[in-house]
Amino acid sequence: MGALVGAIQESPSAAETTWSAEVRWTGAFRSEAAVRGFAPITSDEPAALGGTDRAPNPVEQLLSSLGNCLAVGYAANASVAGVEIRDLRITLDGDIDLHTFLGLADGHAGFSAIRVVVHLDTDADEATVAELHRKVAATSPVGQTLSKAIPVEITHQ
């Protein structure tokens, strides 16, 4: 972590990054996301939503992405602060009204709320843990993306 911070301090433009994924439909409500050289990440819908329930659906993956991003933030910030993490679990849930997604109403099709509970076992004192929570929430790329309106441009070819 220190080496990365040093490299960016020496060359600030190194902090400007672009990430990408390519998604391919595989039939019915299934698709696969290719990211770098990793095995594809499969997506499906639960049977109740017309899928075959063979993989997490996109909104479950979004919650997972937030949780994974927060976990990285806790690991990185705890390491820098000299805090030992004995156990870290993050539970997430969110509310979606399917009316808009199903075309039954106009409105917001996404989450109306997301709740995150962090279960952190450490020997750090309360003030240190509170500061760790603050830093992680303030610096999570996924958390910040979800909490602020950003432009999303969807085009077709």
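Arginine 89 and aspartate 87 pair up in a salt bridge, with their closest N and O atoms 3.4 Å apart. This is a predicted model, and a search through the whole of it turns up six salt bridges. Below you will find a short tour of these charged pairs, followed by a buried asparagine, the nonpolar groupings and one exposed loop residue.

**Salt bridges**

- Let us stay a moment with the opening pair: arginine 89 is partly exposed, at 45% relative accessible area, and aspartate 87 is also partly exposed, at 34%.
- As general background, side chains of opposite charge can pair when their charged atoms come close.
- Arginine 24 offers another example, meeting the side chain of glutamate 32 in a salt bridge with an N to O distance of 3.1 Å.
- Glutamate 32 has a relative accessible area of 24%, so it counts as partly exposed, given that the buried class ends under 20%.
- Glutamate 131 and arginine 134 form a salt bridge as well, at 2.7 Å from N to O.
- Both of these residues belong to helix H4 (residues 126–139), where they sit three residues apart, about one turn of the helix.
- Glutamate 131 is partly exposed at 32% relative accessible area, and arginine 134 is partly exposed at 46%.
- Asp93, Asp95 and Arg115 are worth viewing together, since salt bridges link them in a network.

**Asparagine 57 and its surroundings**

- Asparagine 57 sits in the loop that runs between strand S3 (41–43) and helix H2 (58–81).
- Its relative accessibility is 6%, so asparagine 57 counts as buried.
- The side chain of asparagine 57 reaches that of glutamate 45 in a polar contact of 3.2 Å.
- Setting aside residues up to four places away in sequence, asparagine 57 touches Ser43, Asp44, Glu45, Pro46 and Leu49.

**A nonpolar patch on the surface**

- One of the residues touched by asparagine 57, Leu49, also helps to make a nonpolar surface patch.
- That patch covers about 490 Å², and Leu98, Phe101, Leu102 and Leu104 are its other members.
- Leucine 49 lies in the loop between S3 and H2 and is partly exposed, with 33% relative accessible area.
- Patch members need over 30% relative accessible area, so leucine 49, at 33%, clears that cut-off.

**The largest nonpolar core**

- Eight residues make up the largest nonpolar core: Leu66, Leu70, Tyr74, Ala78, Val83, Ile90, Leu132 and Val136.
- H2 and H4 are the elements that each give two or more residues to this core, and H2 supplies the largest share, with four.
- In soluble globular proteins, nonpolar side chains tend to be buried together.
- Valine 83, one of the core residues, is in contact with Ala78, Thr122, Ala124 and Thr128 once its neighbours within four places in sequence are left aside.
- Ala78 is therefore a fellow core member of valine 83 as well as one of its contacts.

**An exposed loop residue**

- Aspartate 106 is found in the loop between helix H3 (98–101) and strand S5 (113–122).
- With a relative accessibility of 80%, aspartate 106 counts as exposed.
- Along the chain, aspartate 106 and leucine 92 are 14 residues apart, and their C-alpha atoms are separated by 27 Å.

Conventions
Residues numbered from 1 in each chain as written. Predicted model: local features only at pLDDT ≥ 70, side-chain atom pairs only at ≥ 80, totals over all residues. Heavy atoms only, no water. Buried < 20%, exposed > 50% of the residue type's maximum accessible area, 1.4 Å probe, protein only. Polar contact = N/O pair within 3.5 Å; in protein donor to acceptor, adjacent residues only side chain to side chain. Contact = heavy atoms within 4.5 Å. Salt bridge = Lys/Arg side-chain N within 4 Å of Asp/Glu carboxyl O. Patch = residues over 30% accessible without salt bridge, like charges linked within 9 Å, V, L, I, M, F, W, Y side chains within 5 Å. Areas by Shrake-Rupley, 256 points an atom, 1.4 Å probe, with all protein chains shown as cover. Core = buried A, V, L, I, M, F, W, Y, C linked by side-chain atoms within 4.5 Å.
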